[in-house]
Amino acid sequence: QKSTEDIINGIRSHKRDPVSYISKVIAEAKKEVKSTNQETKSIAIKKLTYLNMLGYNVSWASFPIVEAMSAERYTHRRVGMLAAAQTFNDDTDVILLCTNLLKKELKNSNNYEVGSALSCLSNIA
C-alpha cells in the first residue's frame, strides 16, 4: 500500500503523463477503501482527499468516508472528517448519516475531537 507521500512523489516523477499514474492510484484506492482494516481504509481516504484537492472526483468514496468518521480511533475519525469537509457538497447523499456522528462528537469531552467535528460541520453545512 502506497502512502500519500508515495503518491506525491509518483505524480512528480510522472510529469509527462500524470493522468495514467493517478488512474492507477484511484483504482488501488477503490480496492483499499473496501478493506475491513481501518488503518488501510484511513490511508486510502487520505490519498483520495489529496487527489480531490488536485481536482479529481472522489464522490464515489462518500460512504467509506462516513465509515471512517465512525471509526473507533480518533486518528481515523479525523481523517474521515477532513475528507468529508473537503469532498462533501449539497448533492452528497450520505450527509444525513453524518448528523448523528457529528452530534456525538460535539458532546465529547476531548476538545480536539469537538474541534474536528466543528470544522467538518462548518464545511459541509
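Is Phe63 buried, exposed or partly exposed? In this predicted model, Phe63 has a relative accessible area of 44% and is therefore classed as partly exposed, since burial requires a value under 20% and exposure one over 50%. Phe63 belongs to helix 4. Residues up to four places away in sequence being set aside, Phe63 touches Val94 and Leu97. A further approach involves Asp93, which is 30 residues from Phe63 along the chain, with a separation of 9.0 Å between the two C-alpha atoms.

Helix 3 was examined next. This helix comprises 16 residues, and the distance from its first C-alpha to its last is 22 Å, close to the 22 Å expected at 1.5 Å a residue. At the N-terminal end, helix 3 is capped by Asn37, a side-chain oxygen of which lies 2.9 Å from the backbone nitrogen of Glu39. Just after the helix, Gly55 adopts a positive phi of about 105°. The buried residues of helix 3 are Thr40, Lys41, Ser42, Ala44, Ile45, Lys47, Leu48, Thr49, Tyr50, Leu51 and Asn52. These buried residues pack against helix 1 (4-13), helix 2 (18-32), helix 4 and helix 5.

Two of the buried residues of helix 3, Lys47 and Thr49, were considered individually. Lys47, located in helix 3 (residues 38-53), has a relative accessibility of 1% and so counts as buried. The side chain of Lys47 makes a polar contact with the backbone oxygen of Lys2, at 2.9 Å. Once neighbours within four places in sequence are left aside, the contacts of Lys47 are with Gln1, Lys2, Ser3, Thr4, Ile7 and Glu32. Lys2 thus appears both in the polar contact and among the residues in contact with Lys47. In addition, Ile26 stands 21 residues from Lys47 in sequence, and the C-alpha atoms of the two are 8.6 Å apart in space.

Thr49 is also in helix 3. Its relative accessible area is 6%, which means that Thr49 is buried. A polar atom of the Thr49 side chain lies 2.8 Å from the backbone oxygen of Ile45, and Ile45 is itself one of the buried residues of helix 3. With residues up to four places away in sequence not counted, Thr49 touches Leu82, Ala83 and Gln86. The C-alpha atom of Thr49 is separated by 8.8 Å from that of Ala84, a residue 35 positions away along the chain.

Helix 7 was treated in the same manner. The 14 residues of helix 7 (residues 111-124) should span 20 Å at 1.5 Å a residue, and the end C-alpha atoms are 20 Å apart, in agreement with that expectation. At the start of the helix, a side-chain oxygen of Asn110 comes to within 2.9 Å of the backbone nitrogen of Tyr112. Buried positions in helix 7 are Glu113, Val114, Ser116, Ala117, Cys120 and Ile124. Viewed down the axis of helix 7, the buried residues fall within an arc of 160°, and they therefore line one face of the helix. An α-helix has 3.6 residues a turn, so residues three or four places apart point the same way. The exposed residues Asn111, Tyr112 and Ser122 are carried on the face of helix 7 turned away from the buried side. The cover over the buried residues of helix 7 includes helix 4 (62-69), helix 5 (74-87) and helix 6 (95-106).

Within helix 7, Ser116 has a relative accessibility of 14% and so counts as buried. Neighbours within four places in sequence being left aside, Ser116 is in contact with Tyr74, Arg78 and Met81.

Aromatic residues were also surveyed. The structure holds zero aromatic pairs. An arrangement of charge and ring is present, however: Lys30 lies over the face of Trp60, at 5.1 Å from the ring centre.

Notes: Residues are numbered from 1 along each chain as its sequence is written. This is a predicted model: local features need pLDDT of at least 70, side-chain atom pairs count only at pLDDT 80 or more; totals for chains, interfaces and linings use all residues. Side-chain values use heavy atoms; hydrogens and water are left out. Rings of Phe, Tyr and Trp (its six-membered ring) pair if their centres lie within 6.5 Å; planes under 30 degrees apart count as stacked, over 60 as edge-to-face and the rest as tilted. A charge sits over a ring if NZ of Lys or CZ of Arg is within 6 Å of the ring centre and within 35 degrees of the ring normal. Helices (H or I, at least four residues) and strands (E, at least two) are DSSP runs, numbered from the N terminus. Buried means under 20% relative accessible area, exposed over 50%, partly exposed in between (1.4 Å probe, protein chains only). A polar contact is a pair of N or O atoms within 3.5 Å; within protein, one must be able to donate a hydrogen and the other to accept it, and residues adjacent in sequence count only if both atoms are side-chain atoms. Contact means heavy atoms within 4.5 Å. The expected span of a helix is 1.5 Å times one less than its number of residues. The arc is that of the directions from the helix axis to the C-beta atoms.
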